[in-house]
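Reader: Several descriptive terms will be applied to the structure below. I should like each of them to be justified.

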Amino acid sequence: MATLEIHDLHVSVEAENGAREILKGVDLTVKQGETHAIMGPNGSGKSTLAYSLAGHPKYTITGGTVTLDGEDVLEMSVDERARAGVFLAMQYPVEVPGVSVSNFLRTSATAIRGEAPKLRTWVKEVKSAMEQLQMDPAFAERNVNEGFSGGEKKRHEILQLELLKPKIAILDETDSGLDVDALRIVSEGVNRVRETGEVGTLLITHYTRILRYIKPDFVHVFANGRIAESGGAELADVLEAEGYDKYVKGGATA
Amino acid sequence: MAEAQNIPAGSTTAGAIAVAAESTVATRMSAPPSFDVADFPVPNGREEEWRFTPLARLKGLHDGTAVADGTMKAQIDAPEGVTIESVERGDERIGKAGTPVDRVSAQAFSSFAKATVVTVPKETVLAEPIRVALHGEGGTTFGHTVFDIKPFAEAIIVIDHTGDGVRAANVDILVGDGAKVTFVSVQDWDDTAVHTSQHNALVGRDASFKSVVVTFGGDLVRLHPRIAYAGPGGEAEMLGLYFTDAGQHQEHRLLVTHDAPHCKSNVVYKGALQGQDAHAVWIGDVLIEKSAEGTDTYEMNRNLVLTDGARVDSVPNLEIETGEIVGAGHASATGRFDDEQLFYLQARGIPADEARRLVVRGFFAELVQQIGVDDIEERLLARIETELAASV
């Protein structure tokens, strides 16, 4: 069973006046089949955790370990992490001019699976995944994220999640900027992947709204660069009622 | 690519649409067009038409010090029906398609020994391209070639430049009424070569002309692909592709003069740049004269900057002297393959070198497909792969 283990993770970024520590000792274990919601105020370091796990060059790991089934994730390049089974659905997916969605998806699937998917089954697979996410087939011929609306970008991220079948899926504020219909469609996509029982999900969100559609097994409150409190799904209800105030007071960044 | 997005430091993307009584395209040149080199002052680099060009690397083509001391191995393969002549400079077909617009083109005109005239007779449809292979073997050479495509003939012309040397040449393409011509000029020089050339196409009534300019090599390449119309109903397409490496200067200065009614023009130039001091310049001028009612024109330049240290200057200009047109537009955008794009593709399992290849191939693919000459398309794709392999 795939397990992602984060132990005492410290991460900093280069700022104008030297390095600034954002993550200050994160401990978290995510097992295949589990869903962990990470909730917290803006600036608490949630997204930094997501991008650090995926290997974004902007972030420097200054301490701690991250392993996937015992393998050192921090030693891997960005593409190696993806091939090892770590998937990051981004909050702000990047436009890649000149590369069509269909070409991108196939290149990516080929890299992740280690061989080119059989053309006939692949076309069917993409088509049905797009239908379920209510994406226009014309999307396949558009350039990656170019001119996509916010909702289209998020659906496109979840489309990749469904096709690439990672071991660990990190969803970074996938719910932000979505209307209720889009939120439902995107959540259903995530749930289809979760129902296979083969993915561990790290759901990063600012709002409790998405948790009505995606039921977490664990909820963690993220504040000031570390996990301030952990609990079951009921912790989300407390946050819904009380907000983050009690975690923000006493030193967290705005 | 989104307009004016991701403009890297060191690029300028400027444009102008002018409705003018007097053409600034013509007046901003330091001298009017002329066949005589003496009519042009020696440029100092501050002139509008020279401000991007490193004069010191022109090997004296601009100041009269270059002398014809080189060798250019030339081979012309033409299908049956095509005539090839070597003619003296008095021949009336020479210079009919256009007049030199800068000192270097005028120098080429004043210095060539004999001109080559290639004629495709009336209503002749060529099954195979006319291929001109020019291989520089060092030193300076001047040249003048005229392609005279008679009415209703159809031809593909490929001029292929390889090797080393300093080359200044003019090419005239006379496209007869109703004729269909594709003209391809490939600059696949060694990295030490210097090449300046003016391509003058005169497009006849209801004729169609496609210019394809492909620039990979050379230390300095500066080309003037130009179109004018001899009658109404002409169509012109200008496609360009360049891959500018470290230290190379590749400059394409286009002009389409709409001087006849109901003509079309469509310009698409795309370039990729990589390496320190790679410099690409694209000037796209379109002039719609008062007589050119019903004109339909569009020009586009796209640049993809792959590494730090490269520079693009892209300047589209559109001048319109009549409001009675179908359409006129232009676009220029310079984007860069940046760390965020790389991260996104890598985060989907795609290794860095493959990610770069994916982006560059995608960038050029559509343009390459429009060329319509199979072996050129294949060679281009292969050449792009080589360039990319060299970059990693």
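Author: The model is predicted. In chain A, helix α3 (residues 101-113) packs with helix α5 (residues 150-164) at an angle of about 35°, the axes lying 10 Å apart.

Reader: Why is the packing of these helices given as an angle and a distance?

Author: Two packed helices are described by the angle between their axes and the distance between those axes, which is why both values are quoted.

Reader: What is the hand of the crossing of α3(A) and α5(A)?

Author: The crossing in which α3(A) passes α5(A) is right-handed. A crossing is called right-handed if the near helix is turned clockwise from the far one by less than a right angle, so that is the sense of turn meant here.

Reader: Which residues of α3(A) and α5(A) meet?

Author: Leu105(A), Ser108(A), Ala109(A) and Ile112(A) of α3(A) meet Gln160(A), Leu163(A) and Leu164(A) of α5(A). By class, this contact has five nonpolar residues, two polar and no charged. Leu, Ala and Ile count as nonpolar, whereas Ser and Gln fall among the polar residues.

Reader: What makes residues of chain B count as touching chain A?

Author: The criterion is that C-beta atoms, placed from the backbone, lie within 7 Å. On that basis, 18 residues of chain B are in contact with 21 residues of chain A. α3 (339-346) and α4 (352-369) of chain B are the elements that each give two or more residues to this side. α3(B) gives the most, with seven residues. The classes on the chain B side are 10 nonpolar, five polar and three charged.

Definitions and conventions. Residues numbered from 1 in each chain as written. Chains lettered and ligands numbered in written order. Predicted model: local features only at pLDDT ≥ 70, side-chain atom pairs only at ≥ 80, totals over all residues. Contact = placed C-beta atoms within 7 Å. Helix = DSSP H or I, 4+ residues; strand = E, 2+ residues; numbered from the N terminus. Axes fitted to C-alpha atoms, helices over the stretch in contact; angles between N-to-C directions.
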